[in-house]
Amino acid sequence: MIAFSEIKKDPQVLEFISQSESSLKALEYTEHGFRHINLVSDRARNIAKEMNLTKEEQELVAIAGFCHDMGNFLGRLQHHYWGALLFHQIFQNRMPPEEVAIICQAIANHDKEEMKLDSKVAAVLVIADKSDVHRSRVRAESVKSISNDIHDRVNFAVTETKLKIDKTKKIITLTIKLDTKIIPIIEYFEIFTERMVYCRKAAEYSGYKLGLVINNFKLA
């Protein structure tokens, strides 16, 4: 198995991530570059560790987290498929087929609710990715026109996010601090309801329930 430390230095992976971030910047999307992928990778590994997944699974989910968005430069709407295919192209002869398949499936599933999860690696990636909502994802040039885009407004309004795993009660809780001077809480659900539903399904697949707390108010 290739170590995650090697994946992070692979020139093709790094270039695809850089090009993807440039493409999404041109489309005026929120940040999907190295800040996001490093956070998702670290968060995914921590979740996997808390869930007592094997060391191998923890490494696989960290790799999937780092590579999950690298297909965006080939097309936003199908970026999850492009990313999976790119990963296979790069590592098909450098990793065991089973590990390549697990990571490719996780990447392909991270943005498609209609697909059925069939590994805890894929489920953990969904939770780690969809829970990254924060004002640091809003580009500096977008802050001046924050009222023009609901995705920018919602992300900018979120000043803190925490993900906590309670192994005893089998609950994964996402806690959010949201500045209601910027948006009312209802706007969060306008764009994040579908993502939270997918997180709930991913948590349930892993044997957990999903909890959501916004501004100290328990919503789920």
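This is a chat about the strands, pockets and salt bridges of a predicted model.

Colleague: Let's start with the strands, so how do S1 and S2 run, and how many bridges join them?

Modeller: Strand S1, residues 158-166, and strand S2, residues 171-178, run antiparallel and are joined by 8 bridges. Within this pairing, Lys-164 stands opposite Thr-173 in S2.

Colleague: And what lies between S1 and S2?

Modeller: The two strands form a hairpin with 4 residues between them, and Lys-170 in the turn has a positive phi of about 60°.

Colleague: Does that hairpin come up again? Which elements line the second largest pocket?

Modeller: S1, S2 and strand S3 (209-214) each supply at least two residues of that lining, and S3 has the largest share, with 5 residues. Among the lining residues are Lys-164 and Thr-173, the two that stand opposite each other in the hairpin. The second largest pocket holds about 220 Å³ of space, and by class its lining has 5 nonpolar, 2 polar and 5 charged residues.

Colleague: Now the largest pocket, what's its volume, and which residues lie nearest its centre?

Modeller: Its volume is about 720 Å³. The lining is made of 29 residues, and those nearest the centre are Arg-76, Asp-111, Lys-130, His-151 and Arg-195. Helices H5 (79-91), H7 (120-130), H9 (150-157) and H10 (185-205) are the elements that give two or more residues to it, with H10 giving the most, 5 residues.

Colleague: What classes of residue are in that lining?

Modeller: The lining of the largest pocket has 15 charged, 8 polar and 6 nonpolar residues.

Colleague: Switching to salt bridges, which partners does Glu-160 have?

Modeller: Glu-160 forms a salt bridge with Lys-162 and another with Lys-177, and in each pair the closest N and O atoms are 3.3 Å apart. The pair with Lys-177 links strand S1 to strand S2, across 17 residues of the chain.

Colleague: Are those three buried or partly exposed?

Modeller: They count as partly exposed because their relative accessible areas are 25% for Glu-160, 49% for Lys-162 and 46% for Lys-177, and partly exposed covers values between 20% and 50%.

Colleague: What about Asp-10, which residue does its side chain meet?

Modeller: Asp-10 meets Arg-94 in a salt bridge at 3.1 Å, N to O. The two are 84 residues apart, with Asp-10 in the loop between H1 and H2, and Arg-94 in the loop between H5 and H6. Asp-10 is buried, at 6% relative accessible area, whereas Arg-94 is partly exposed, at 39%.

Terms used: Residues are numbered from 1 along each chain as its sequence is written. This is a predicted model: local features need pLDDT of at least 70, side-chain atom pairs count only at pLDDT 80 or more; totals for chains, interfaces and linings use all residues. Side-chain values use heavy atoms; hydrogens and water are left out. Two strands pair if DSSP finds at least two bridges between them. On a 1 Å grid over the protein atoms alone, a cavity is a set of points where a 1.4 Å probe fits but cannot get out, and a pocket is an open set with protein on both sides within 12 Å along at least five of seven lines; lining residues have an atom within 4 Å of a point. Grid points are joined across faces, edges and corners, and a volume is the space filled by probe spheres set on the points. Ala, Val, Leu, Ile, Met, Phe, Trp, Tyr, Cys and Pro count as nonpolar, Asp, Glu, Lys and Arg as charged, and the others, Gly among them, as polar. A salt bridge is a side-chain nitrogen of Lys or Arg within 4 Å of a carboxyl oxygen of Asp or Glu. Buried means under 20% relative accessible area, exposed over 50%, partly exposed in between (1.4 Å probe, protein chains only).
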